[in-house]
Amino acid sequence: MSDILARITDRTAVVGIIGQGYVGLPLALVFEEAGFPVLGFDVDPAKIAALTRGESYIKHIGSARVKSAVERGKFDVTTDFDRLRECDAILICVPTPLGKHREPDLSYIHNTAREIAARLRKGQLVVLESTTYPGTTDEEVLPLLEASGLKCPEDFLLAFSPEREDPGNAHFNTKTIPKVVGGINAPSTEAAVALYAAGVDKVVPVSSARVAESCKLLENVYRSINIALVNELKVTFDRMGINVWEVIEAAKTKPFGFTPFYPGPGLGGHCIPLDPFYLSWKASEHGMWTRFIELAGEINTSMPRYVVSKVADALNDVQKSVKGSKILVLGLSYKENIDDDRESPSYELIELLQDKGALVDYCDPYFPVARHGRRHSLDLSSVPCDNATFRGYDALLVSTAHAQFKDAALYKGVALVVDTRNIVHASNEGPMTVVRA
Ligand SMILES: NC(=O)c1ccc[n+]([C@@H]2O[C@H](COP(=O)([O-])OP(=O)(O)OC[C@H]3O[C@@H](n4cnc5c(N)ncnc54)[C@H](O)[C@@H]3O)[C@@H](O)[C@H]2O)c1
């Protein structure tokens with residue numbers, strides 16, 4: 001194993017990254033920028049073609065960075081998995097969705113592990129980065145790789161290192177976010193720690209892959225539960241005539257022991273709505289019921305219906321029904337200022353309103369056309385983001401706090417705004433009525 005350590009030290013180790021999505025592409029760029037030859041793999045030929053042209057399909061990464069990496073000649077991308085043989089390290093960044101019954105769908109990990117096993121050679125380091133339940137690396141990936149006839153750690157090394165991404169965060173990026181790393185044995189941990197230490201600022205070694213897998217789930221369960229808590233308090237305080245946003249602003253002046261979380265129209269993104277259920281599914285195998293996770297899931301998934309009930313009440317107050325009303329949903333992204341609409345509650349809001357007979361449009365500068373996803377397929381395109389357009393609706397529903405929606409002039413003369421993000425405020429110059437939801 002001294003071979004791979006030496007190749008990491010002198011930056012000749014070829015780093016292969018399977019899955020060039022939100023996680024894999026920035027990781028590939030970080031290793032290329034650290035001086036390593038990088039080979040990006042993906043099953044989507046359109047992504048490979050775009051990267052080959054030096055183009056990024058992820059807005060916050062930007063094409064300039066991809067183009068520079070391609071031009072330096074050390075970043076290559078391919079759909080040809082035979083090229084896995086060229087790699088010294090192979091990092092797996094493929095999707096881990098939930099199945100129809102909210103059970104883990106490990107098919108992407110399984111398929112990828114089989115592709116690697118078919119080409120596995122002595123001396124390679126394999127690291128799983130996809131979020132998953134504790135035990136996946138040992139129980140699922142290891143047997144598939146060892147089916148090749150090679151053994152860990154004698155012939156190859158295997159570790160888990162979770163990705164922590166906060167797209168659009170100006171203060172942290174893949175290089176500066178500490179990286180937790182746990183191997184399935186000590187030599188695997190050593191090699192994986194050495195690799196990441198050569199690419200990112202801080203590595204946090206842990207004693208096993210299971211700890212590293214659990215660490216990621218703790219982080220996401222923590223967010224899911226705290227978001228559920230503020231969502232529940234939002235509904236409770238609203239009934240009591242108290243503005244939850246003002247309460248949070250006041251509470252966060254406490255200099256210790258309080259971290260602010262904010263309510264919203266429901267959970268979105270690839271991680272928080274899904275990952276906690278990886279843990280609850282695995283926990284049931286051990287006779288454990290993760291009640292906090294289930295409760296948080298229940299509260300968070302009820303939010304879109306709560307928001308729609310607030311829209312209906314607000315329209316009712318001005319003698320209108322949802323049926324037949326023109327409603328504009330502001331924002332398709334699950335989070336402000338990014339072009340990521342995965343699991344976005346906006347889609348559910350639109351569909352719930354349509355089901356009630358509303359005439360729904362959306363406005364999102366990041367999505368000129370609504371993408372067809374696994375669960376939703378709206379045939380809609382964005383209306384312009386301007387006051388004349390906004391005034392043409394019976395109600396606006398703010399779902400995403402994009403910077404473009406924060407201009408008060410947009411809302412001048414608008415009859416009704418239902419705001420789930422606390423960005424629109426009633427004023428003489430603004431909308432006539434603002435309802436928090
Ligand atoms: N997006 C985030 O912010 C984030 C943060 C932390 C962890 N994660 C986790 O990282 C993993 C990847 O998420 P993502 O957001 O990058 O997903 P993504 O959908 O953006 O990217 C996954 C990529 O893998 C490709 N792919 C699918 N099957 C493949 C296969 N068999 N071989 C090669 N490529 C394949 C897809 O074409 C896609 O380009 C997931 O487990 C996710 O939970 C995501």
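Which residue follows helix 10, and what is the sign of its phi? Helix 10 is followed by Gly287, and the phi of Gly287 is positive, near 70 degrees. Before going on, please keep in mind that this is a predicted model.

Let me stay with helix 10, which covers residues 275-285. Its buried residues are Asp275, Pro276, Phe277, Tyr278, Ser280, Lys282 and Ala283. They pack against helix 6, helix 8 and helix 11.

Two of those helices also meet each other. Helix 8, residues 209-239, and helix 11, residues 291-317, have axes 8 Å apart and pack at an angle of about 45 degrees. The two are therefore oblique to each other. The crossing of helix 8 past helix 11 is left-handed. On the helix 8 side the contact includes Val221, Ile225 and Ala228, and on the helix 11 side Phe292, Met303 and Tyr306 are among the residues involved. By type, the contact has 11 nonpolar, three polar and four charged residues.

Now the sheet. Five strands, in the order 10-9-11-12-13, make an open sheet with parallel pairing. Strand 10 and strand 13 are at the edges with a single partner strand each, so one side of each has no neighbour in the sheet. On average, neighbouring strands are turned by 20 degrees against each other, ignoring direction.

Take one pair as an example. Strand 9, residues 326-330, pairs with strand 10 in the parallel sense over five bridges. Leu330 has Cys363 of strand 10 as its bridge partner.

Finally, how do helix and sheet meet? Helix 11 lies across strand 9, strand 11, strand 12 and strand 13. Relative to strand 12, helix 11 runs at about 160 degrees.

Methods
Residues are numbered from 1 along each chain as its sequence is written. This is a predicted model: local features need pLDDT of at least 70, side-chain atom pairs count only at pLDDT 80 or more; totals for chains, interfaces and linings use all residues. Side-chain values use heavy atoms; hydrogens and water are left out. Axes are lines fitted to C-alpha atoms, for helices over the stretch in contact, and angles run from 0 to 180 degrees between N-to-C directions. Helices (H or I, at least four residues) and strands (E, at least two) are DSSP runs, numbered from the N terminus. Angles under 35 degrees count as roughly parallel, over 145 as roughly antiparallel, 65 to 115 as roughly perpendicular and the rest as oblique. A crossing is left-handed if the near helix is turned anticlockwise from the far one by less than a right angle, and right-handed if clockwise. Contact means heavy atoms within 4.5 Å. Ala, Val, Leu, Ile, Met, Phe, Trp, Tyr, Cys and Pro count as nonpolar, Asp, Glu, Lys and Arg as charged, and the others, Gly among them, as polar. Buried means under 20% relative accessible area, exposed over 50%, partly exposed in between (1.4 Å probe, protein chains only). Two strands pair if DSSP finds at least two bridges between them.
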